[in-house]
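Me: I am new to this one and would like to know what the terms rest on. Please show me the structure, and then I will ask.

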Number of protein chains: 2
Amino acid sequence: MKGVSARTIAAAAGVNQALVFYHFGSVDDLLTAACTMHTRARVAAYSAEFARVTSLRQLLDVGRKLQVAERELGNVSILAQLLAAAQGDPKLGASVAAALQLWVDEIESVLRRLLTGSPFAEVADLGGLAKAVSAAFVGIELYAGVDAEGSQHAMGALEQLAVLVEVVDDLGPISRRALNAKINRAVRTR
Amino acid sequence: MKGVSARTIAAAAGVNQALVFYHFGSVDDLLTAACTMHTRARVAAYSAEFARVTSLRQLLDVGRKLQVAERELGNVSILAQLLAAAQGDPKLGASVAAALQLWVDEIESVLRRLLTGSPFAEVADLGGLAKAVSAAFVGIELYAGVDAEGSQHAMGALEQLAVLVEVVDDLGPISRRALNAKINRAVRTR
DNA sequence: GTCTATAGTAGGATAGAC
DNA sequence: GTCTATCCTACTATAGAC
């Protein structure tokens, strides 16, 4: 990881470099520990906000806010580097996956709350959808790092998708039943 | 970048380490050049397949295939590391963004072809949607590196979203006009 | 627990022979 | 254009004083 070393970490903490190894054994172990602790803290900081969400678009608004905040804190680059490093490192991969899962769980519970009774929920795998949303979010965060304006458009498009789902949820019983049947047929014929 | 150095690159190419600097000036410059060339080649290799796509689900199938192939070639980790490295490096960022844009353009042209005349297309920003799809795809690729099974579910969820859009597209003229009005109203009231 | 000092390693980059 | 040889830097990790 470029710019992340026992030395830079220790300097940021105002302590000696050797302490990294005394307390954590290795830089990687420190990173996995930090990743877990930090994510737990961030998820906790946002859980009240997630709980207040009452529509898909509000969920996206929280996501937007989160993205800006994380970027200002410089956490996006860290997440990216961790994910990248984790690609070829099963041990680091496990702890990054566990950290991501904290976000996924939060999002899944919101989706479950919002979409219960929706025609979409009857055929959708909400766990998978939460994972997809989280992954998309990570992707857009990374994208924002290389094309800020483009990432705004991407977020806007997600919002339009959310509108689509909400509108479908808002249909009257007749069109809704028709839609339901079509969705079921379409999914089944795969 | 872990494991990527002038020495390892030169070794893989069966040449001397000093040549990296002779031909490219620096490792970073080599990387940006390789990123651009490689992406161009991959996009070209898949463009025929993109052209044959006639539904959103087929588009996702191409994506799935692409993901497996890229992972087997070890390109996912490279993309991830490039994106991560690009977060704090404007120059590298520009070339990674340009490479990503090649995929985005391809996807946007498919979306434009598939969704023309759809109620969704009338309100959707297809450029933004293409970016969102690409970003989501990158996110899922990275996610697959730390949780293979979870990423399958995420892809499945995207497919269900695609079904939703397709089903809406397939509605009769009456329900469709109603839906259209609702979408327009929902988008306008933002 | 925290420090200094240091061994050992990997990598970026250049000079100069061929 | 390609090689060898080399310098310099930054890093991980450990040993041992305090």
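The exchange below takes up the helices, the salt bridges, the DNA strands and the enclosed spaces in turn.

Reply: This is a predicted model, in which local features need pLDDT of at least 70, side-chain atom pairs count only at pLDDT 80 or more, and totals for chains, interfaces and linings use all residues. Residues are numbered from 1 along each chain as its sequence is written, chains are lettered from A and ligands numbered from 1 in the order in which they are written, and side-chain values use heavy atoms, with hydrogens and water left out.

Me: What makes up chain A, helices or strands?
Reply: Chain A has 10 helices and 0 strands. Both kinds of element are DSSP runs numbered from the N terminus: helices are H or I with at least four residues, strands are E with at least two. From the N terminus on, the order in chain A is therefore written α-α-α-α-α-α-α-α-α-α. The C-alpha trace of chain A spans about 70 × 30 × 30 Å along its principal axes.

Me: How do you know what span to expect of helix 6 of chain A?
Reply: The expected span is 1.5 Å times one less than the number of residues in the helix. Helix 6 of chain A (residues 90-115) has 26 residues, and the expected value is 38 Å. From its first C-alpha to its last the helix reaches 35 Å, which is close to that value. Gly117(A) follows helix 6 of chain A and has a positive phi, near 85 degrees.

Me: Why is the pair Glu70(A) and Arg42(A) called a salt bridge?
Reply: The term asks for a side-chain nitrogen of Lys or Arg within 4 Å of a carboxyl oxygen of Asp or Glu. In this pair the closest N and O atoms are 2.6 Å apart, so the pair qualifies. Glu70(A) lies in helix 4 (residues 56-73) of chain A and Arg42(A) in helix 3 (residues 27-52) of chain A, so the salt bridge ties together parts 28 residues apart in sequence. Over all chains the structure holds 14 salt bridges.

Me: What makes a residue count as near DNA strand C?
Reply: One of its heavy atoms must lie within 4 Å of the strand. For DNA strand C, 14 residues surround it, and the closest are Asn16(A), His23(A), Ala6(B), Arg7(B) and Phe21(B). Of the atoms of DNA strand C that come within 4 Å of the protein, sugar and phosphate account for 50%. Helix 2 of chain A gives the most to this surface, with 4 residues.

Me: Why do the atoms of His23(A) and DNA strand C form a polar contact?
Reply: A polar contact is a pair of N or O atoms within 3.5 Å; within protein, one must be able to donate a hydrogen and the other to accept it, and residues adjacent in sequence count only if both atoms are side-chain atoms. A polar side-chain atom of His23(A) lies 2.8 Å from a phosphate oxygen of DNA strand C, so the pair is a polar contact. Base nitrogens of the strand also take part: one is 2.9 Å from a polar side-chain atom of Arg7(B), and a base nitrogen is 2.9 Å from a side-chain N or O atom of Gln17(B).

Me: Which residues come nearest to DNA strand D?
Reply: Of the 14 residues around DNA strand D, the nearest are Ala6(A), Arg7(A), Phe21(A), Asn16(B) and His23(B). Sugar and phosphate make up 52% of the atoms of DNA strand D that come within 4 Å of the protein. A polar backbone atom of Ala6(A) is 2.8 Å from a phosphate oxygen of DNA strand D, and a polar side-chain atom of His23(B) lies 2.7 Å from a phosphate oxygen of the strand. Helix 2 of chain B gives the most to this surface, with 4 residues.

Me: What makes a space a cavity, and what makes it a pocket?
Reply: On a 1 Å grid over the protein atoms alone, a cavity is a set of points where a 1.4 Å probe fits but cannot get out, while a pocket is an open set with protein on both sides within 12 Å along at least five of seven lines; lining residues have an atom within 4 Å of a point. Points are joined across faces, edges and corners, and a volume is the space filled by probe spheres set on them. The whole structure has 1 cavity of 30 Å³ or more. The largest cavity holds about 40 Å³, and the second largest pocket about 620 Å³.

Me: How do you know the class of the residues lining the largest cavity?
Reply: Ala, Val, Leu, Ile, Met, Phe, Trp, Tyr, Cys and Pro count as nonpolar, Asp, Glu, Lys and Arg as charged, and the others, Gly among them, as polar. The lining is Gly139(A), Leu142(A), Tyr143(A), Leu83(B), Leu100(B), Ser134(B), Ala135(B) and Val138(B). That gives 6 nonpolar, 2 polar and no charged residues. The lining of the second largest pocket has 14 nonpolar, 7 polar and 6 charged residues.
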